[in-house]
Amino acid sequence: MVKKEEIEEVIKILRANVPPHPYKSRDPFKVLIATVISQRTKDEVTYTVAEKLFEKYPSPRALKNAPTEEIAHLIYPAGFYKQKAKKIKEIAKIIDEEYGGRVPDNIEELLKLPGVGRKTANIVLSRCYDKDVIAVDVHVHRISNRLGWVTTKTPEETENALMKILPKRYWKDINELLVMFGRTICRPMAPRCDICPVKNYCKYYKENKKW
Ligand code: SF4
């Protein structure tokens, strides 16, 4: 099992070497909708189309009254833009009518929203409500396994396993850190192990060392 001190050292090195996350908003509604748009979509596309959408429809009430076709048009070329447009409109309606325009700050209520799973809910809770939760997406799942922090098959298992070994003070920030590390160096295909600043701590590197 990896020692806590080693995990802390890796996080310290990554914080010094990984670029900051480009999406700065901490507005729960914007982060929620941007995360829905981000599913199976490149970041450059996600943030550009999300901003276009919020420029025209900046609140749940405005968005719930927007024509679905126009939402789809604004978020194109995000993947599955037509299905996402419907979900975004439904979410906006529920938040406006059932929650008084305020995105819920607990996982139970967030998970009731259409198209919202644990990852999206935990991103909103950690980024916007400062809650100590771990948002596990494909990057966090893959990198935690490569580093040897966990040995898991699904993001849910990774979330549970990380909660046991990762000191709580890192929970809310680990997603943004590993997402940016995963986009720049520890990529899904062909990770850049040759330039990786934490390769000496990495299980995958030790097992596959060819450089
Ligand atoms: S050494 Fe390679 S696999 Fe390991 S963390 Fe770095 S980039 Fe990822």
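**Exercise 1. Find the residues that come nearest to the ligand, then describe the shell around it.**

Step 1. Take the 13 residues around the ligand; the nearest of them are Cys186, Cys193, Cys196, Cys202 and Tyr205. Here a residue is near a molecule if its C-beta atom, placed from the backbone, lies within 6 Å of it. Before going on, keep in mind that this is a predicted model, in which local features need pLDDT of at least 70, side-chain atom pairs count only at pLDDT 80 or more, and totals for chains, interfaces and linings use all residues. Residue numbers start from 1 along each chain as its sequence is written.

Step 2. Look for the elements that give two or more residues to this shell: they are α9 (138–147) and α12 (203–208). Helices are DSSP runs (H or I, at least four residues), numbered from the N terminus.

Step 3. Sort the shell by residue class, which gives 10 nonpolar, no polar and three charged. Ala, Val, Leu, Ile, Met, Phe, Trp, Tyr, Cys and Pro count as nonpolar, Asp, Glu, Lys and Arg as charged, and the others, Gly among them, as polar.

**Exercise 2. Describe how domain 1 meets domain 2.**

Step 1. Set the bounds, which come from an automatic or database domain assignment: domain 1 is 4–18 + 135–208 and domain 2 is 28–128. Their C-alpha centres are 27 Å apart.

Step 2. Count the contact: domain 1 brings eight residues and domain 2 brings five residues. Two residues are in contact if their C-beta atoms, placed from the backbone, lie within 7 Å.

Step 3. On the side of domain 1 that touches domain 2, α10 (155–165) and α11 (171–184) each supply at least two residues. The most comes from α11, with three residues. This side of domain 1 holds four nonpolar, one polar and three charged residues.

**Exercise 3. Check the length of α11 and list its buried residues.**

Step 1. The expected span is 1.5 Å times one less than the number of residues. For the 14 residues of α11 that should be 20 Å, and the end C-alpha atoms are 21 Å apart, so the two agree.

Step 2. Buried in α11 are Lys172, Ile174, Asn175, Glu176, Leu177, Leu178, Val179, Phe181 and Gly182. A residue is buried if 20 or more other C-beta atoms lie within 10 Å of its own, exposed if 12 or fewer, and partly exposed in between, with C-beta atoms placed from the backbone.

Step 3. Among what covers these residues are α1, α8 (118–128) and α9.

**Exercise 4. Work out how α5 packs, then follow the chain into the loop after it.**

Step 1. In α5 (residues 68–75), pick out Ile71, Leu74 and Ile75 as buried. Seen down the helix axis, the buried residues of α5 fall within an arc of 90°, so they line one face; the arc is that of the directions from the axis to the C-beta atoms.

Step 2. These buried residues pack against α2, α3 (43–56) and α6 (81–98).

Step 3. Pro77 sits in the loop between α5 and α6, and a cis peptide bond with omega of about 15° joins Tyr76 and Pro77.

Step 4. Phe80 is in the loop between α5 and α6; its phi is near 55°, a positive value in a residue other than glycine. Phe80 is partly exposed because 15 other C-beta atoms lie within 10 Å.

**Exercise 5. Decide whether Ala190 is buried or exposed.**

Step 1. Locate Ala190 in the loop between α11 and α12. Its phi is near 50°, a positive value in a residue other than glycine.

Step 2. Ala190 has 6 other C-beta atoms within 10 Å, so Ala190 is exposed.
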